[in-house]
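Work through the three exercises below with the model open beside you, and try each task before reading its solution.

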Amino acid sequence: MLNGSGVKIFTGTSHPELAEIIARRLGLTLSKAEVTKSGIGETNVRIAESVRENDVYIINTGCGAVNTALMELCIMIHACKIASARRITAVLPLFPYARQDKKDKSRAPISAKLVANMIQKSGCDHVITMDLHASQIQGFFDVPLYAEPSSILYIRTHFDLKEVVIVSPDAGGAKRATSIADRLGVDFALFHKERKKANSVSRMVLVGHVKDKVAILVDDMADTCGTLCLAARHLAEGGASKVYAIVTHGILSGDALENVEKSELEKLIVTNTLPQRENQARCCKIEVIDVGPVLGEVIRRSHYGESVSKLFHEVPY
């Protein structure tokens, strides 16, 4: 808990619920800022209290109207910078454009790097984000966090580890899945998948044994959920007794909720890096892990100059 001296926490419009959880964890109230739109869609920001020589944290996440959330963040950072804030930290639970992290075809932009540059040029000193889509993006930031400890705690408290196998839905997530499997002391399996086009999987091949096991798929984000639902079907066909999925960022766009509802998944467990209240109301299989305490603790440690590496391995209480 912070004593409130020299710390200001602001939120944009993308996820005020998470910002409230973080502020409550720290024993603070959210600082006042007005975010409005003009008739032609321009974002207007007014910081309604002094931030001079304060340690400022601005919470906004990459969901809904992503471009609007990004502009809100940059304008709020700039407003605090020219108002003489001592240090400005952007808290982005889901980093915008994280999937556009490489030049994978001719004339393709590396949009994740562009966004990082925008935030830096706005006047941001540090960025706190969670489970970046690709590990190389870590080079853009100061404090990349992981939802792995929260996922491990959930698995330990909800499953019999003797029956569990951790499954990666693709080869790219193998490192994440093996890390969780090793820390839990359980078996590991993965899928090799072939795509005809982005967000569309044509063929999946299971590597590993899941017969009579509780299979838990782990991934960093679920968008249309096509991969997860197809993987769940293959696992059920492969003899898994039950299939669950644990995902950090539940984007859940398009027909995702309908796909999950109809799938062999018992539950899709996501974190609240994105707002999930509406998704939970529409789909009974959605369950949420609260990462607010983790983000609150990293803000506390950052403010007091303490190490945050401990949070890579355990959940704060």
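**Exercise 1.** In this predicted model, find which residues N54 touches, leaving out those up to four places away in sequence, and decide whether N54 is buried or exposed.

*Solution.* Begin by locating N54, which is found in the loop between β3 (43-47) and β4 (55-59). Next, list its contacts beyond four places in sequence, which are G6, V7, K8, A85, R86 and R87. Finally, compare its relative accessibility of 11% with the cut-off, for buried means under 20%, and therefore N54 counts as buried.

**Exercise 2.** Classify the pair formed by the rings of F159 and Y244, and state where in the chain each residue lies.

*Solution.* A pair of aromatic rings is described by the distance of the centres and the angle of the planes. The structure holds two aromatic pairs. In the pair of F159 and Y244, the centres are 4.8 Å apart and the planes stand at 80°, so the pair is edge-to-face, given that angles over 60 degrees count as such. The pair links distant parts of the chain, since F159 sits in the loop between α4 (148-158) and β8 (164-168) while Y244 belongs to strand β12 (residues 242-250), 85 residues apart. Together with Y154, these two residues form one aromatic cluster.

**Exercise 3.** Which element gives the largest share of the largest nonpolar core, and which residues does C225 touch beyond four places in sequence?

*Solution.* The largest nonpolar core has 29 residues, and C225 is among those with the most contacts inside it. The largest share, six residues, comes from α6. As for C225, its contacts beyond four places are L252, A256, V260 and L268.

Methods:
Residues are numbered from 1 along each chain as its sequence is written. This is a predicted model: local features need pLDDT of at least 70, side-chain atom pairs count only at pLDDT 80 or more; totals for chains, interfaces and linings use all residues. Side-chain values use heavy atoms; hydrogens and water are left out. Helices (H or I, at least four residues) and strands (E, at least two) are DSSP runs, numbered from the N terminus. Buried means under 20% relative accessible area, exposed over 50%, partly exposed in between (1.4 Å probe, protein chains only). Contact means heavy atoms within 4.5 Å. Rings of Phe, Tyr and Trp (its six-membered ring) pair if their centres lie within 6.5 Å; planes under 30 degrees apart count as stacked, over 60 as edge-to-face and the rest as tilted. A nonpolar core is a set of buried Ala, Val, Leu, Ile, Met, Phe, Trp, Tyr and Cys residues joined through side-chain atoms within 4.5 Å.
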